[in-house]
Amino acid sequence: MAGTSSDTVTVVIGPNPFPRLDKALSRDVPEGANLSRSRLAKLIAAGMVRLNGVVEVNQKAKVAEGDVVEITVPQASESHIGAEDIPLTVVFEDNDLIVINKPAGMVVHPAPGTPSGTLVNALMHYCGDRLSGVGGVARPGIVHRIDKDTSGLLVVAKSDVAHQGLAAQFEKHTVERRYLAVVYGAPDASDPRVRGVKGVNFEAGNIMRITTQLARHKTDRQRQAVLFGSGRHAVTRSRIIRTIGEPVVASLIECWLETGRTHQIRVHMAHAGHSLIGDPTYGGRRKLSIKAVGEAGQAAARAFPRQALHAATLGFKHPVSGEDMRFEAEMPEDMAKLIADLTRKSTST
């Protein structure tokens, strides 16, 4: 379309690349670029990709470590995305950025299945035209995302310079992101089973470190899968805040991200055998022992309608002033009630 602006995403192919362009890009393109493999294939076919300075339209073209790929991404032009008067919990705001405490159940940006009611729709009403245009019309100001059914903090750029500065921090993994989660069992160094899981080890202070690669599941494109030797490098650390049940059947943990991949905490904790309570994709619905948590606790865990995950802490350098910024959001009411129900038996006896 005439007049449509575009952004350029530069990717340097990493070590042990997939031998073909589309697969290598799918692994190495920055998470914040929001480019799926199918989207990348279309951009390649449209002549929007340069491999070492030369336009490449063959998605099966061979690539090697160190190759430089430039992707021209036309900004989205969905004119139907409109402002909606949806309440927002604003934690901080200035001329360059805004920090939001997102409720569970809210999608971050519009997609074919959720064209309205998203955080972007709410931001367009709240901020008007005071959002960064780097994300295009469909994702104005969006630097990172959290899942629909995950609550908590995320930062949105109001200026282009803030967007670029924040995106660089996310790409370099210098942003502090800490989450609270309620999981089945307790990821403890004394458990020989979890110590035997590939990619899992323990650091001083009973901190569990999970290191794997992550990629889309081969048969279910809505899921992520743990891989070794291919995919995107992913590291999650966690520690137990409190155990739940007598005997222990669940725990409240704190997780923090060294990398930020789609569903990273959810898939990593499931890989370690400690999936999140309420997670419909990775957790299943384990039946907690009535002896451990009582009937109310067992029922609360089975009925919890979402993954018990909350983005509690967000820290970064202000992209314009350079000031250190750190924000915290209290655990939401539904997770606090879940823990109260799970611990009622042990505290009442």
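The radius of gyration is taken over C-alpha atoms, and the globule rule sets it at 2.2 Å times the number of residues to the power 0.38. For 349 residues, a compact globule would come out near 20 Å; this chain has 21 Å, which agrees. The model is predicted: local features need pLDDT of at least 70, side-chain atom pairs count only at pLDDT 80 or more, and totals for chains, interfaces and linings use all residues. Residues are numbered from 1 along each chain as its sequence is written, and side-chain values use heavy atoms, with hydrogens and water left out.

Start with the whole chain. Its C-alpha trace spans about 70 × 45 × 40 Å along the principal axes. The chain holds eight helices and 15 strands. Both are DSSP runs, numbered from the N terminus: helices are H or I with at least four residues, strands E with at least two. Of the 349 residues, 47% count as buried. Buried means under 20% relative accessible area, exposed over 50%, and partly exposed in between, with a 1.4 Å probe and protein chains only. About 16,100 Å² is exposed, and carbon and sulfur atoms supply 50% of it. These areas come from the Shrake-Rupley method with a 1.4 Å probe; for residues, only the protein chains shown count as cover. Consider contacts with a separation of 6 or more: residues 24 or more positions apart account for 65% of them. Contact here means heavy atoms within 4.5 Å.

Next, the domains. The chain divides into domain 1 (6–74), domain 2 (90–172) and domain 3 (177–315 + 328–343). These bounds come from an automatic or database domain assignment. The centres of domain 1 and domain 2, taken over C-alpha atoms, are 25 Å apart.

Now take helix H1 (21–28), which is followed by a loop and helix H2 (37–45). Asp22 sits in H1. Asp22 counts as buried because its relative accessibility is 1%. Its side chain makes a polar contact with the side chain of Arg20, at 2.8 Å. A polar contact is a pair of N or O atoms within 3.5 Å; within protein, one must be able to donate a hydrogen and the other to accept it, and residues adjacent in sequence count only if both atoms are side-chain atoms. Leaving out residues up to four places away in sequence, Asp22 touches Arg37, Ile44 and Gln59. Ser36 lies in the loop between H1 and H2. Ser36 has a relative accessible area of 26%, so it is partly exposed. Its C-alpha atom is 40 Å from that of Val248, which is 212 residues away along the chain.

Further along, Asn52 is in the loop between strand E2 (49–51) and strand E3 (54–55). Its phi is positive, near 55 degrees, although the residue is not glycine. Asn52 is partly exposed because its relative accessibility is 45%.

Move to helix H3 (residues 119–127). Its buried residues are Leu119, Val120, Asn121, Ala122, Leu123 and Cys127. They pack against strand E6 (97–102) and strand E7 (151–157). Thr118 caps the N-terminal end of H3, with a side-chain oxygen 3.3 Å from the backbone nitrogen of Val120. After H3 comes Gly128, with a positive phi near 65 degrees.

The loop between H3 and E7 holds Asp147. An unreviewed UniProt entry places the feature "active site" at Asp147. UniProt positions follow the numbering used here, feature names are shortened, and annotations may be inferred rather than shown by experiment. Setting aside neighbours within four places in sequence, Asp147 is in contact with Lys102, His263, Arg266 and Gln307.

His173 lies in the loop between helix H4 (160–171) and strand E8 (176–184). This non-glycine residue has a positive phi, near 60 degrees. At 33% relative accessibility, His173 is partly exposed.

Pro247 lies in the loop between strand E12 (232–244) and strand E13 (250–257). The peptide bond from Glu246 to Pro247 is cis, with omega near 0 degrees.

Finish at helix H6 (residues 264–271). Six of its eight residues are buried, so H6 is largely enclosed by the rest of the structure. Those residues are Gln264, Ile265, Arg266, Val267, His268 and Met269. They pack against E8, strand E10 (207–216), strand E11 (224–227), E12, E13 and strand E14 (309–317). Just after H6, Gly273 takes a positive phi of about 90 degrees. Arg266 links back to an earlier stop: this buried residue of H6 is also among the contacts of Asp147.
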